[in-house]
Amino acid sequence: MVVEVPPHLDDGTPFPTIFWLTCPLAVARIGRLEGSGGVKRMEAKAISDPVFSAELDWAQAEYSDEREARIVDRSGPMPTGGVGGAATGIKCLHAHYAHRAAGRANPVGELVAGWIEPLDCEVPCVSDGAINPSWVGRP
């Protein structure tokens, strides 16, 4: 469902996203959430709900700290921000869900999970490193 990405790409480019969502069904469902204003709704919740806001701040800091701990070469530009590289607010529901799917605490990812799960595919979506032609997503 999720692959881990190093803080720098092979060419040295900083890459702020540690956990990249690879599940096509989750990507499609979350894309619809984002397309219908999901990021703005989560940002509004972070403003109006102090508990949610505190949990989000903690998740952002934990994400940044985890990425920082993975940096080996500090001679060039560094990745910054929290989940998905966001300096403030919520940048991408996919990144928050991937953070949660990787076993980390993330209140945005938790809410997204409640909206898109179960991911009830009848056959695996990936086979031999490619999209399985027999897979049919049920967005």
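**Figure 1. Helices α1 and α5 sit roughly perpendicular to each other (65 to 115 degrees counts as such, under 35 as roughly parallel, over 145 as roughly antiparallel, and the rest as oblique).** In this predicted model, the two axes come within 10 Å and cross at roughly 105°. Axes here are lines fitted to C-alpha atoms, for helices over the stretch in contact, with angles running from 0 to 180 degrees between N-to-C directions. On the α1 side, the contact (heavy atoms within 4.5 Å) is made by Ala26, Arg29, Ile30 and Leu33, and α5 brings Val112, Trp115 and Ile116. Sorted by type, the residues of this contact come out as six nonpolar, no polar and one charged. For that sorting, Ala, Val, Leu, Ile, Met, Phe, Trp, Tyr, Cys and Pro count as nonpolar, Asp, Glu, Lys and Arg as charged, and the others, Gly among them, as polar.

A word on conventions: residues are numbered from 1 along each chain as its sequence is written, and side-chain values use heavy atoms, with hydrogens and water left out. Since this is a prediction, local features need pLDDT of at least 70 and side-chain atom pairs count only at pLDDT 80 or more, while totals for chains, interfaces and linings use all residues.

**Figure 2. Helix α4 is largely enclosed by the rest of the structure.** That's because seven of the nine residues in α4 (residues 93-101) are buried, meaning under 20% relative accessible area (exposed is over 50%, partly exposed in between; 1.4 Å probe, protein chains only). The buried ones are Leu93, His94, Ala95, His96, Tyr97, Ala98 and His99. They pack against β1 (2-4), β2 (19-21), α1 (24-35), α2 (38-48), α3 (50-70) and α5 (107-116). After α4 comes Gly103, with a positive phi near 95°.

**Figure 3. Two histidines of helix α4, His96 and His99, with their contacts.** His96 counts as buried, at 0% relative accessibility. Leaving out residues up to four places away in sequence, His96 touches Leu56, Gln60, Val83, Ile90, Asn106, Val108 and Gly109. His99 is buried too, with a relative accessible area of 0%. With the same sequence neighbours left out, His99 touches Phe19, Ala59, Glu62, Tyr63, Val83, Arg104, Ala105 and Asn106. For a sense of distance, His99 and Ile71 are 28 residues apart in sequence and 18 Å apart in space, C-alpha to C-alpha.

**Figure 4. Pro24 in helix α1.** Pro24 is buried, with a relative accessible area of 17%. Its contacts, not counting residues up to four places away in sequence, are Cys125, Ile131 and Trp135. Pro24 and Pro107 lie 83 residues apart in sequence and 22 Å apart in space, again C-alpha to C-alpha.

**Figure 5. Zooming back out: the protein has five helices and four strands.** From the N terminus on, the elements run β-β-α-α-α-α-α-β-β; helices (H or I, at least four residues) and strands (E, at least two) are DSSP runs, numbered from the N terminus. The C-alpha atoms fill a box of roughly 45 × 40 × 25 Å, taken along the principal axes. Buried residues make up 37% of the 139 residues. Among contacts with a separation of 6 or more, 57% come from residues 24 or more positions apart.
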